[in-house]
Amino acid sequence: MEEMNLLDRFEAYVADNKKVEPKDWMPDAYRKTLIRQISQHAHSEIVGMLPEGNWISRAPSLKRKAILLAKVQDEAGHGLYLYSAAETLGIDRDTMIEELLSGKAKYSSIFNYPTLNWADIGAIGWLVDGAAIMNQVPLCKCSYGPYARAMVRVCKEESFHQRQGYQILLTMTQGTAEQKAMAQDALNRWWWPSLMMFGPSDADSPHSATSMRWKIKHFSNDELRQRFVDMTIPQAEILGLTVPDADLKWNEERGHYDFGAIDWEEFYNVIKGNGPCNRERLAARRKAHENGAWVREAATAHANKRAAKTKAA
Amino acid sequence: MSKSNWPLWEVFIRSRQGLSHKHVGSLHAADAQMAIENARDVYTRRQEGMSIWVVPAAEITASSPDEKDELFAPSDDKIYRHPTFYDLPDVLKHM
C-alpha cells in the first residue's frame, strides 16, 4: 500500500516536469532503465573513440590531426561524465567496465562499422555526431538530474564535432574527382547505419512508452529519425552528394521527406555481435584495459606510499 | 579482472574570479593530486576553470531527502522575510 502511494506520487511528480535527484525515492524499473541507458551511452562514447582513433596517425595534416585528437579526447570525457552519472544510481564503475569488456553490455551499433578512408572521419562527424546530437538535445531535459546535467555538457561540446566533420567533407567535395568520390563512398556506407542509430521503429520499441511517461525520453525513435533526415538532406545537397536511397523524396503533404525501408535484419545482426568490427572493438578495449593494469596498480601504490609518508610526518 | 577501487571525488570548479566554486561532476582517482589532474582533463578542456576543488565523495555529509519537509519547514511561515510582504504606497519609489 505504502509502495503504491510512493509510485503514484513519483508518477505525478515527473509528469509535472520536476527533476529526480540521486537520493530521491524512485521505482526500481526507473533506476534500472536509467542504469542501462546511461551505461550504454557511456560505453558508446568509449568504444566510439576506436573508429576515429584509427585515423589519428594518418590524418592528412597536423591541423587535422590536432582537431581529431581533441575530438577523441572529448569522447573520452563524455564517457566519464556519463559513467559518473550512472554511478549516482548505485552501480559502481568497475562493474560497468566489466560488463562492457565481457560483452554483456551493449553500445551503439554504429561503432561496429569500419573507417576505411579519411572521408569516413568527415562522415562520422557530420552524420554520426549529427544523429547523436539529435538524440542528446532532448536528453538535456531528462527527468533524472545527473543525466540531464551531463547531457548539457556533452551537447555543448558535440557541436564542434559535427561542424569539423562537415568541413572535412566540404573540403573533399571541392577537391579532385577522386576526393569527391571518396566523400560519396563514405556517405553511401554511413547513411543507413546512421539512421539505425535512432533505434528500432516505434512499433518494435516496447519500453519507449514508459520512458516517455517518465520523461526520460521526450520524442519517439521514429520522430527523431524523421527530424534527422529532414535536417540532413539539405546539408547533403550543399555538399553536392547523393544520399543512397532511391525512395527518398519530399512529401509536400506531410511536410517531411519520405525515405526507404531500413534493413532491420542488419541492425539486429550487428547488435547481436555480428557486425563487421564487433570482435575487433571489444578486443581493442580489453587489450587497452589489460595493458593499463600496471598503471592503475602503480598509481594506487604511489598514493598509498604518499599517504603513509604524510601520516608519518 | 583487477578492480581499481579508487575512491570517488566530487569536483568543484571556479569558472572565473568573483564566482563561487560550483559542483560539476565526479571522477575516480587514486589520490587528491591525481583527482586534480584528472579534473583538469575531464572538466576544463575549454577554459571552464581557474581553480579546482576535489573532495572525497565519502566525506560529504548530506541532508536526507526524506527529512526535507521537516528540515525546511521553519522558513515556510516566515513570509515577512521577503520584501514583497510589506505593502507600501506607490508614491514611494525605489525601496
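Biologist: Let's kick off with chain A. Which residues in helix 13 of chain A meet A:His289, A:Glu290 and A:Asn291 in helix 12 of chain A?

Modeller: Keep in mind that we're looking at a predicted model. Helix 12 covers residues 278-291 of chain A, and contact here means heavy atoms within 4.5 Å. On the helix 13 side, the partners are A:Ala293, A:Trp294 and A:Arg296.

Biologist: And at what angle do helix 12 and helix 13 of chain A pack?

Modeller: Two packed helices get described by an angle and a distance between their axes. By class, this contact has 2 nonpolar, 2 polar and 2 charged residues. The axes of helix 12 and helix 13 of chain A are 4 Å apart, and the angle is about 35°.

Biologist: Over to the two chains. How much area do chain A and chain B bury between them?

Modeller: The contact takes 25 residues from chain A and 22 residues from chain B. Carbon and sulfur atoms carry 48% of the buried area, and the total is about 2,000 Å².

Biologist: How many salt bridges does the rule find across the interface of chain A and chain B?

Modeller: To count, a Lys or Arg side-chain nitrogen has to sit within 4 Å of an Asp or Glu carboxyl oxygen. A:Asp74 and B:Arg45 make it, at 2.7 Å from N to O. Across this interface the rule gives 5 salt bridges.

Biologist: Which helix of chain A gives the most to the side that touches chain B?

Modeller: There are 12 residue pairs in polar contact between the chains, with both residues at pLDDT 80 or more. Helix 4 (62-87), helix 5 (93-101), helix 7 (145-173) and helix 13 (293-312) of chain A each supply at least two residues to that side. With 8 residues, the top giver is helix 4 of chain A.

Biologist: How many residues on that side of chain A are charged?

Modeller: Let's split that side by class. It has 6 nonpolar residues and 7 polar ones, and the number of charged residues is 12.

Biologist: Now chain B. In what order do the 3 strands of its open sheet come?

Modeller: The edge strands of chain B are strand 2 (22-28) and strand 3 (51-56), each pairing on one side only. The twist averages 30° from one strand to the next. The pairing is antiparallel, and the order is 2-1-3.

Biologist: Which residue in strand 2 of chain B does B:Phe12 stand opposite?

Modeller: Strand 1 of chain B spans residues 8-14 and pairs with strand 2 over 6 bridges, in the antiparallel sense. Opposite B:Phe12 in strand 2 stands B:His23.

Technical notes
Residues are numbered from 1 along each chain as its sequence is written. Chains are lettered from A and ligands numbered from 1 in the order in which they are written. This is a predicted model: local features need pLDDT of at least 70, side-chain atom pairs count only at pLDDT 80 or more; totals for chains, interfaces and linings use all residues. Side-chain values use heavy atoms; hydrogens and water are left out. Two strands pair if DSSP finds at least two bridges between them. Axes are lines fitted to C-alpha atoms, for helices over the stretch in contact, and angles run from 0 to 180 degrees between N-to-C directions. Buried area is the accessible area (1.4 Å probe) that two parts lose on being put together, summed over both. A polar contact is a pair of N or O atoms within 3.5 Å; within protein, one must be able to donate a hydrogen and the other to accept it, and residues adjacent in sequence count only if both atoms are side-chain atoms. Ala, Val, Leu, Ile, Met, Phe, Trp, Tyr, Cys and Pro count as nonpolar, Asp, Glu, Lys and Arg as charged, and the others, Gly among them, as polar.
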